[in-house]
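Subject: Structure handover

Hello,

Here is the structure you asked for, with notes on what turned up in it. Please open the file alongside this message.

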Amino acid sequence: MQWILIIISLLIAAGVTIYMKSTEKKYKEVKNQSGLTGAEAARRMLEANNIYNVQIEMLNADDGDHFDSATNTIRLSKDYFNGTSVAAVGVAMHEAGHALQHASNYAPLRIRHAAVQTTNVSSTLSYFLILLGIIFSSYALMTVGIWFFVAVVAFQLITLPVEFNASRRAVMSMQSMGMLTAEEQKGARKVLTAAALTYVAALLISVLQLIRLLLIRGSRE
Ligand SMILES: [Zn+2]
């Protein structure tokens, strides 16, 4: 049973990664007709929503695009900051969507932000306790470790509305601002859907891991 769970997890991870990478690659090669860069698209989306206090910076890396709510900064990878691809505009507007969430005090984003540190600690503690639980065949240690792991899963769950909502805001702006053609919008949406799928996959894999931990614990009762 356990190896089936491991194989399913690997298949989900591989499938989603391949889909994400190929979709991203495809729309990185399609330039948008208005010649907008990711940074410009994000800036216009913010200004259309009367937000002028967000920094947009370029990362010295090929990935890791994110919105940092502590400093109110959108950071985009080089290709997306300067690039005029459909993927660049889509991803940059998604990050601008997070900035809009921050500006409107969107509750799931606040909760997610507040839980980041605790989740990192929970994750480390969880693995440590479960490992000790296995070594010492301790049901109690494993149980505590599993509860810390549940906290990590809960964090991944709260990430979903935050991500879906940021993409929804991006898509709404694309439609209302007319920066992309209908065909380009379709491509940008595909990139955002693929990115959202990676968060769903991460949650699914964690749930399978949780089931596996419960099975391991059950076999040591
Ligand atoms: Zn996001």
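The notes start with one loop residue. N72 is buried, because its relative accessible area is 14% and the cut-off for buried is under 20%. N72 sits in the loop between strand 2 (66-68) and strand 3 (73-77). Its phi is near 55°, a positive value in a residue other than glycine. Most residues other than glycine have a negative phi.

Please keep in mind that this is a predicted model.

Two other asparagines come up for their backbone angle. N50 lies in the loop between helix 2 and strand 1 (55-59), and the phi of N50 is near 60°, again a positive value in a residue other than glycine. N50 has a relative accessible area of 60% and is therefore exposed, whereas N72 is buried. N105 follows helix 4 and has a positive phi, near 60°.

Overall layout

The protein has seven helices and three strands. From the N terminus on, the order of elements is α-α-β-β-β-α-α-α-α-α. Along the principal axes, the C-alpha atoms fill a box of roughly 65 × 35 × 30 Å. Of the 221 residues in the protein, 46% are buried. Among contacts with a separation of 6 or more, 71% are between residues 24 or more positions apart.

Zinc site

Which residues supply the protein donors of the zinc ion? They are H94 (NE2), H98 (NE2) and E163 (OE), at 2.0 to 2.1 Å from the ion. Their spacing in sequence is H-x3-H-x64-E. H94 in helix 4 and E163 in helix 6 are 69 residues apart, so this pair links distant parts of the chain. H94 is buried, with a relative accessible area of 9%, and E163 is buried as well, at 8%.

Helix 4, which carries H94, covers residues 86-103. Helix 4 has 18 residues and spans 25 Å from its first C-alpha to its last, close to the 26 Å expected at 1.5 Å a residue. Helix 4 is mostly covered, with 16 of its 18 residues buried.

Helix 2 against helix 6

Helix 2 (residues 38-48) packs on helix 6 (residues 139-177) at an angle of about 85°, and their axes are 11 Å apart. That angle makes helix 2 roughly perpendicular to helix 6. On the helix 2 side the contact involves R44, M45 and A48; on the helix 6 side it involves R169, A170, S173 and M177. By class, this contact has four nonpolar, one polar and two charged residues.

Two single residues

T119 is in helix 5 (residues 107-135). Is T119 buried or exposed? T119 counts as buried because its relative accessibility is 9%. Leaving out residues up to four places away in sequence, T119 touches V152 and F155.

W147 is in helix 6. At 60% relative accessibility, W147 counts as exposed. W147 and L208 are 61 residues apart in sequence, and their C-alpha atoms are 15 Å apart in space.

Regards

Definitions and conventions
Residues are numbered from 1 along each chain as its sequence is written. This is a predicted model: local features need pLDDT of at least 70, side-chain atom pairs count only at pLDDT 80 or more; totals for chains, interfaces and linings use all residues. Side-chain values use heavy atoms; hydrogens and water are left out. Axes are lines fitted to C-alpha atoms, for helices over the stretch in contact, and angles run from 0 to 180 degrees between N-to-C directions. Helices (H or I, at least four residues) and strands (E, at least two) are DSSP runs, numbered from the N terminus. Angles under 35 degrees count as roughly parallel, over 145 as roughly antiparallel, 65 to 115 as roughly perpendicular and the rest as oblique. Contact means heavy atoms within 4.5 Å. Ala, Val, Leu, Ile, Met, Phe, Trp, Tyr, Cys and Pro count as nonpolar, Asp, Glu, Lys and Arg as charged, and the others, Gly among them, as polar. The expected span of a helix is 1.5 Å times one less than its number of residues. Buried means under 20% relative accessible area, exposed over 50%, partly exposed in between (1.4 Å probe, protein chains only). Donors are N, O and S atoms within 2.8 Å of the metal (3.2 Å for Na, K and Ca); water is not among the atoms, so sites may look incomplete.
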